[in-house]
Amino acid sequence: MIEIKDLHKSYQTGATSLHVLKGINFNVKEGELVSIMGSSGSGKSTLLNILGMLDEADAGSYTLDNVPIKNLNEKIAAQYRNKFLGFIFQSFNLIGYKSALDNVGMPLYYQGMKRKERVERSMAYLEKVGLADWASHLPNELSGGQKQRVAIARALASDPKVLLADEPTGALDTKTSYEVMDLIQGINDEGKTILVVTHEEDIAHMTKRIVNLKDGVIIDDSFVNQVRAKANV
Amino acid sequence: MFSRDKWNEIIESLSSNWFRTILTAFGVFWGIFILVILLAAGKGLENGVKQGFGGMATNSMFMWAQTPSKPYKGLPKGRRYNFKIDDVTAIKDNVRGLKFVSPRNQLGGFGGSNNVIRGLKSGAFNVYGDYPEIIQQQPMDITSGRFLNYNDIDDKRKVAIIGEAVKTTMYDSGEEVLGTYLKINGVNFQVIGTYKKKGNGGGNAEEAQKEIYVPFTAFSQAFNQGDLVGWMAITADSQHSITALKSDVFDVIKKRHNIHPEDTRAIGNFDLFQEFNKINGLFIALKGIAYFVGILILLSGVIGISNIMLIVVKERTNEIGVRRALGATPWSIRGQILLEAIFLTLISGMTGIIAATGVLAIVNSFLDKSNASEMMFINPSVDLGVVIIALIILIISGLLAGFIPAQNAIKIKPVDALRTE
Ligand SMILES: Nc1ncnc2c1ncn2[C@@H]1O[C@H](COP(=O)(O)OP(=O)(O)O)[C@@H](O)[C@H]1O
Ligand SMILES: [Mg+2]
């Protein structure tokens, strides 16, 4: 599903250049649930942003579902993001003046889907994350865990190939974190490919494979026995 | 482009901060309000002044004989000469593009002695010998009876059409006028009509009602004018301006009366077209000033909207980043910002137009109550053309207001937009 080869990325700040990714190689197959670990500042988000086509690598190749991702103009990139990817952020990033339902419907809106169908689809995904009753609520009327569920429903709405989650539990307490991980595991069980960036060991062990990043290179990449979140709730 | 969803998006984001939206809208509201009021005021003044022309055929001139200032063909300067009735036909035959050439003779005038008598009443009035066309050159409302016709001319009938002021001087109120006789310089004329004039070339409206019109031929005969013509009222057709044809007319006269071709003083004239154009030019300038001032004020309103949109875009950087992560193309973001700006300008502008029209309606209802014919200011109004121009200006303004903010909105990379927290 995802193939990256010798990926490099540096940030230019003033006169100094910060080489963040120094040749990353890895592949993710369909249906995998992978966590990317590493200390703060190790380049996890940078990697995920490149995978999410929100940013571009300086060198190396990236293929997503056999489509080479290279030199995309912003319009094509937007369409690819919409079609191929679902994003889950640490800070939820819901649109404050839109109801939960409308937030979930955003990717469908940008697909040009008619309102009626959009509402139906969004409602189905809200149901899936257990928030059907909260459809008309604004984000600030929801708890952190509920917000992240709405965000997950939104990420799923356009039925993307891959979900990219950057510290999805970073802003949540342990109990809520496990509930969210339970949801993510459930989605993965249905076959969705998911990448989770985290720096928490327990969260990482709820995935099936841990990629360890340090000083811009992968120092460890191994499959683990998945800990079911449900058991810990 | 104008799907319900797009509208919802716009309304949602504008209504997320009502107070600011309304404050922003006020600048444009004010600009267009001033523009419309200024244009309407200009129009009102124009209506008032132009009514002074009383619907006169403005493509006209009046022409009379003066004394030649140069000797020519053995004739001395300073001699007297007069237009003759044959001059009229000669002008008609030799100058193309003329609609009417009306010879006139005149008796009396400002401050003249009493020249009209009826029983014990007498008065001093301007008496004109005219052709029927004069009513098309100097319109008047026939308030009773009829105006001159060619039977009157051909039969040299001693008939007269009198002004309302003549009527009030020479008759008791309620007295029958038509069919009665007036003695003009000792000759009896039968009154066959009365008129009322609206204006007189910007001149005195009062004086314009103190005139008596009789057939040119009857005038010549009754007052021993022979074939003399006092002056002429000449109107050009709509394809020509009288100002352009003037010298051709003069040339005909000069040739027939042995006047030096370079003599500019031998023929006197009053060019209504030129005068009218001067006034017209004034109103065009006035309109220009109205647009200038209005658009400047509007511009400051537009800059206000642009400013607020910039702040809005800045505030919404994160939201824009999220939208782009979810698949919003640059054009959909840009389009949204532009539409918001246009929508805001249009709504506030339209409110301004409506408010201005309301104010004008109130002003008009007051003006209507006062005697409008005495006013310099009549029916200040804006026509549909002005409203359409204003709307076009508004849409363009909205585009301008939204352009920089829209560019700003997509300038930031999605990653950077998402990072700001
Ligand atoms: N836009 C940027 N400009 C300059 N430096 C950046 C930028 N984004 C990230 N960095 C730096 O790159 C390094 C990796 O950042 P990031 O990928 O966010 O790490 P992580 O997500 O693992 O904490 C950090 O040192 C960070 O300061
Ligand atoms: Mg990070």
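The following paragraphs describe chain B and its interface with chain A in a predicted model.

Confidence is considered before the contact itself. The model has an ipTM of 0.93 and a pTM of 0.69. Chain B has a mean pLDDT of 84, with 93% of its residues at 70 or more. Among the elements of chain B, the highest mean pLDDT, 93, belongs to strand β8 (residues 159-163), whereas helix α1 (residues 4-15) has the lowest, 76.

The size of an interface is often expressed as the accessible area lost when the parts come together. Here chain B and chain A bury about 2,300 Å² between them, and carbon and sulfur atoms account for 56% of it. On the chain B side, the residues that lose the most area to chain A are Asp5(B), Leu326(B) and Val415(B), which together make up 25% of what that side buries. In terms of residues, chain B contributes 25 to the contact and chain A contributes 23.

Specific pairings also cross the interface. Two salt bridges are found between chain B and chain A; one of them joins the side chains of Lys413(B) and Asp55(A), with an N to O distance of 3.2 Å. Eight residue pairs across the interface are in polar contact, both residues of each pair being at pLDDT 80 or more.

Four helices of chain B, α1, α10 (317-325), α11 (330-369) and α13 (414-419), each give two or more residues to the side that touches chain A. The largest share comes from α1(B), with seven residues; this helix is also the element of chain B with the lowest mean pLDDT. By class, the chain B side comprises eleven charged, eight nonpolar and six polar residues.

Technical notes. Residues are numbered from 1 along each chain as its sequence is written. Chains are lettered from A and ligands numbered from 1 in the order in which they are written. Side-chain values use heavy atoms; hydrogens and water are left out. pLDDT is the predictor's confidence in each residue, from 0 to 100. Contact means heavy atoms within 4.5 Å. Buried area is the accessible area (1.4 Å probe) that two parts lose on being put together, summed over both. A salt bridge is a side-chain nitrogen of Lys or Arg within 4 Å of a carboxyl oxygen of Asp or Glu. A polar contact is a pair of N or O atoms within 3.5 Å; within protein, one must be able to donate a hydrogen and the other to accept it, and residues adjacent in sequence count only if both atoms are side-chain atoms. Ala, Val, Leu, Ile, Met, Phe, Trp, Tyr, Cys and Pro count as nonpolar, Asp, Glu, Lys and Arg as charged, and the others, Gly among them, as polar.
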